[in-house]
Amino acid sequence: MSRLSDLIDRAIATVAPRAAQERMQARVRMEWMQQGVQALADAGFGGHAPLRRHWAPRARDVNADTLRALPDLRAQSRELARVHAIAVGALRTKLDRVVGTGLALVAQPDRHVLGWTEEQAREWKLHTQREFSLWADSPDCDLTRAGNFYDRQRTVLEAMSVSGDVFTLLPEGEASLMQPYRLRLQLLEADRVGNPGGERDTDEVAGGIRVDGTGAPQAAYVYDRHPGSAWAAGDRYRGQWVEFRGPSGRHRLLHHWRPSRPEQRRGIPWFAPIVSLLKDLDTYTDAEIKAAVVSAFFTVFIETDAGSPAPVFGVGDDQAAGSDEIAMGPAAVVGLAKGEKASFANPNRPNTAFDPFVQAILQQIGMALGIPFELLLKRFNSSYSASKAALLDAWMFFRGCRVWLARSFCQPVYETWLAEAVASGRIEAPGFFADPLLRWAYCRAEWVGDSQGSIDPEKEVRAYTAAIEAHLMTHERAEWELFGTDWNETTPTKIAERQRLNEAGLVPQPKPGAAAPQQPVTPGDDGGEGR
């Protein structure tokens, strides 16, 4: 069909050059229009057009509103997370700021409930953190050995953001000399959980989640393979029910998601509100790029009264010898035959309104994602106060995501690991399995990640120093928030450095009028809050 169309275009150009020019311009406009329509269709929710173009909402159950559209939303979100520059950048910013190098365990046993002294609590805390690192630092903690515990934190957050939710099985593997613990992590993509046989949702089973009479989740139906796998031969919806907790109360399956409505069974992708907006922006950007390319080619049409075929322009030395091309070059003077007239295609590109319009769209995208415009584009060209306000606003969002990750993934995994460590005798915890209050006291922990960073480090350090001297903050928390390091781990090194400097006579003398340094806070008095 394309070859026949080209022949028709050449025939028309022979007898009617102006008509041929108008025909070509019309074809270009039609191609752009078709691409835009297709993009809008692709950006629909659940196979429908974008929500804002067909505004006819109905009050329905949360699962009726979401479950049918989830397969399309997941596919669209995953595609954006793979190939769309804005989506890739936003997701990477979220992962880097929330997880970074990983959320580290800071055990916080309640020494008052346990009846311990500060020294006993500190010793138990350090020993437990070392034992947990023995398990968490090794890729053997993952069933597929795809990464260690901190790598899987990033995978959980990314999968939840793109697919809406993700699951973690907690099976037991084989212990070895290098890995004495049997606990393993096995992450499951959202599509691996669904109704048995792909059947319709019911009040009891919806989205692959089975609930009891009160609506509490009891089990999830896990498919043997991903339904979209190329190797899912036969019944692709065959699987088995997996209880969220075993008879002893041990976690067997974790569901990582953030419900937004009561009685919701499955999570919604982070990109869901902006799928159509990103596709529209992609279509508009593509059209502007094509128009700029046409402008860069400097297309010239030759109109003739004689009806001869239009000559082809060459540029400078690129003109082939003996050809009928009309050469164009620097300061060239080109003569046209009688009756010939040159018409220039001018698409008026680049469009001066392109950048302001795109920035307005990106501001809406940033609002929907919870990431300020400056951080979304990594463009900090405002004042110090404006940049600081943007970073603080973003940090509130990232801190909320970090707390969610700690509560949904890190803490349940730690509690399951600690139960095995106590049962195997590697950690002493009297009463752990007998008294729920004692178990809670042993399991208390904080999960601390990379620091927020600062625009003006000197001002930040002065502010934290003032807070410590006023007894409003501990050294431990200040070091975590400023540098992302554990004060308990770095203090021995600091003491050793101080001693070496004293011996060498290199200790800096305080400035005249400066206040004497405060005594350090007792190591066990960290003032942290457990989760």
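Buried is taken here to mean a relative accessible area under 20%. The model described is a predicted one, and the account moves from strand β8 to a residue of helix α12 in contact with that strand, then to a second position in α12, and finally to a pair of packed helices.

Strand β8, which spans residues 253-257, is mostly covered, with five of its five residues buried. In a regular strand the side chains alternate between the two faces of the sheet. In β8, Leu 253, His 255 and Trp 257 point one way, whereas Leu 254 and His 256 point the other way, and all of these residues are buried. The strand is joined by five bridges to β2, formed by residues 165-169, and the two strands run antiparallel. Within this pairing, the residue that stands opposite His 256 of β8 is Val 166.

Leu 254 of β8 also takes part in a contact with Pro 412, a residue found in helix α12. Although Pro 412 and Leu 254 are separated by 158 residues in sequence, their C-alpha atoms lie 8.1 Å apart in space. When neighbours within four places in sequence are left aside, Pro 412 is in contact with His 251 and Leu 254, and also with Ala 406 and Arg 407. The relative accessibility of Pro 412 is 10%, and the residue therefore counts as buried, given that the cut-off is 20%.

Lys 388 is likewise found in helix α12, which comprises residues 384-423. Because its relative accessibility is 17%, Lys 388 counts as buried, again by the cut-off of 20%. The side chain of Lys 388 is joined to that of Glu 460 by a polar contact of 2.6 Å. With neighbours within four places in sequence set aside, the residues in contact with Lys 388 are Ile 455 and Glu 460.

Two packed helices are described by the angle between their axes and the distance between the axes. For helix α5 (residues 85-98) and helix α8 (residues 149-163), the angle is about 145° and the axes are 10 Å apart, and the crossing of α5 and α8 is right-handed. On the α5 side, the contact involves Leu 91, Arg 92, Lys 94, Leu 95, Asp 96 and Val 98, which meet Arg 154, Leu 157, Glu 158, Ser 161 and Val 162 of α8. Sorted by class, the residues in the contact of α5 with α8 comprise five nonpolar, one polar and five charged.

How values were computed:
Residues numbered from 1 in each chain as written. Predicted model: local features only at pLDDT ≥ 70, side-chain atom pairs only at ≥ 80, totals over all residues. Heavy atoms only, no water. Buried < 20%, exposed > 50% of the residue type's maximum accessible area, 1.4 Å probe, protein only. Helix = DSSP H or I, 4+ residues; strand = E, 2+ residues; numbered from the N terminus. Pairing = 2+ DSSP bridges. Polar contact = N/O pair within 3.5 Å; in protein donor to acceptor, adjacent residues only side chain to side chain. Contact = heavy atoms within 4.5 Å. Axes fitted to C-alpha atoms, helices over the stretch in contact; angles between N-to-C directions. Left-handed = near helix turned anticlockwise from the far one by under 90°. Nonpolar A, V, L, I, M, F, W, Y, C, P; charged D, E, K, R; others polar.
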